[in-house]
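Colleague: Please take a close look at the largest pocket in this model. I should like the account to continue from there into the surrounding fold.

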Amino acid sequence: AETQGNERATDPFTVPATFGRFTLLDVLGRGGTATVYKAVDHQNADCLVALKIGATASVGASWQTSREAKISERLKHPQIVTVQEIGTHEQWTFMV
């Protein structure tokens, strides 16, 4: 989905344009439990990545994202992206 330059400003989540070692470039998708961003990973040779950040900072959302990531790590298929990392930044759970 294409986004406008001001989309981040209207995003309902309070995630800044800089998220830890990542720079958020664009919103790729948004659902009830998370937003997926096109981002630059400055710790990994400035690679472009898809960064999924949980929609809330609650313990339940953190557990759900972590559970999803662990299941995704086991899936191997050419049309399923590989989970590189599961982590937290401040109160947010994320998946790369």
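Modeller: The largest pocket has a volume of about 350 Å³. A pocket here is an open set of points, on a 1 Å grid over the protein atoms alone, where a 1.4 Å probe fits and where protein lies on both sides within 12 Å along at least five of seven lines; lining residues have an atom within 4 Å of a point. Grid points are joined across faces, edges and corners, and the volume is the space filled by probe spheres set on the points. The model is predicted, so local features need pLDDT of at least 70 and side-chain atom pairs count only at pLDDT 80 or more, whereas totals for chains, interfaces and linings use all residues. Residues are numbered from 1 along each chain as its sequence is written, and side-chain values use heavy atoms, with hydrogens and water left out.

Twenty residues line the largest pocket, and those nearest its centre are Ala-50, Val-81, Thr-82, Val-83 and Val-96. Two or more lining residues come from each of β3 (34-41), β4 (47-54) and α2 (59-74). The greatest contribution to the lining is that of β4, with five residues. Helices (H or I, at least four residues) and strands (E, at least two) are DSSP runs, numbered from the N terminus. By class, the lining comprises eleven nonpolar, four polar and five charged residues. In this classification Ala, Val, Leu, Ile, Met, Phe, Trp, Tyr, Cys and Pro are nonpolar, Asp, Glu, Lys and Arg are charged, and the others, Gly among them, are polar.

As for the fold around the pocket, the protein has two helices and six strands, which follow the pattern α-β-β-β-β-α-β-β along the sequence. Of its 96 residues, 34% count as buried. Buried means under 20% relative accessible area, exposed over 50%, and partly exposed in between (1.4 Å probe, protein chains only). The accessible surface comes to about 6,100 Å², 53% of which belongs to carbon and sulfur atoms; these areas come from the Shrake-Rupley method with a 1.4 Å probe, and for residues only the protein chains shown count as cover. Among contacts (heavy atoms within 4.5 Å) between residues at least 6 apart in sequence, 31% join residues at least 24 apart.

Strands β3 and β4 also take part in the largest nonpolar core, to which β2 (22-30), β3, β4 and β6 (92-95) each give two or more residues. This core has twelve members: Phe-19, Phe-22, Leu-24, Val-27, Tyr-37, Ala-39, Val-49, Leu-51, Ile-53, Trp-92, Phe-94 and Val-96. A nonpolar core is a set of buried Ala, Val, Leu, Ile, Met, Phe, Trp, Tyr and Cys residues joined through side-chain atoms within 4.5 Å. In soluble globular proteins, nonpolar side chains tend to be buried together. Leaving aside neighbours within four places in sequence, the core residue Ala-39 is in contact with Phe-22, Thr-23, Leu-24, Leu-25, Cys-47, Leu-48, Val-49 and Leu-51. One of these partners, Leu-25, is found in strand β2 and is partly exposed, at 40% relative accessible area. Its C-alpha atom is separated by 7.4 Å from that of Val-40, 15 residues apart along the chain.

Strand β3 also contains Asp-41, a charged residue that is buried, because its relative accessible area is 3%. Beyond its neighbours within four places in sequence, Asp-41 is in contact with Arg-21, Phe-22, Asp-46, Cys-47 and Val-49.

The loop between β3 and β4 holds Gln-43, Ala-45 and Asp-46. Gln-43 is exposed at 61% relative accessibility, and its C-alpha atom is separated by 6.4 Å from that of Arg-21, 22 residues apart along the chain. Most residues other than glycine have a negative phi. Ala-45, however, has a positive phi, near 55 degrees, and Asp-46 likewise has a positive phi of about 55 degrees. Ala-45 counts as exposed at 72%, whereas Asp-46 is partly exposed at 47%.

Gly-87, in strand β5 (residues 86-89), is buried at 14% relative accessible area. Outside its neighbours within four places in sequence, Gly-87 is in contact with Trp-92, Thr-93 and Phe-94. The C-alpha atoms of Gly-87 and Ile-53, 34 residues apart along the chain, are separated by 9.7 Å.
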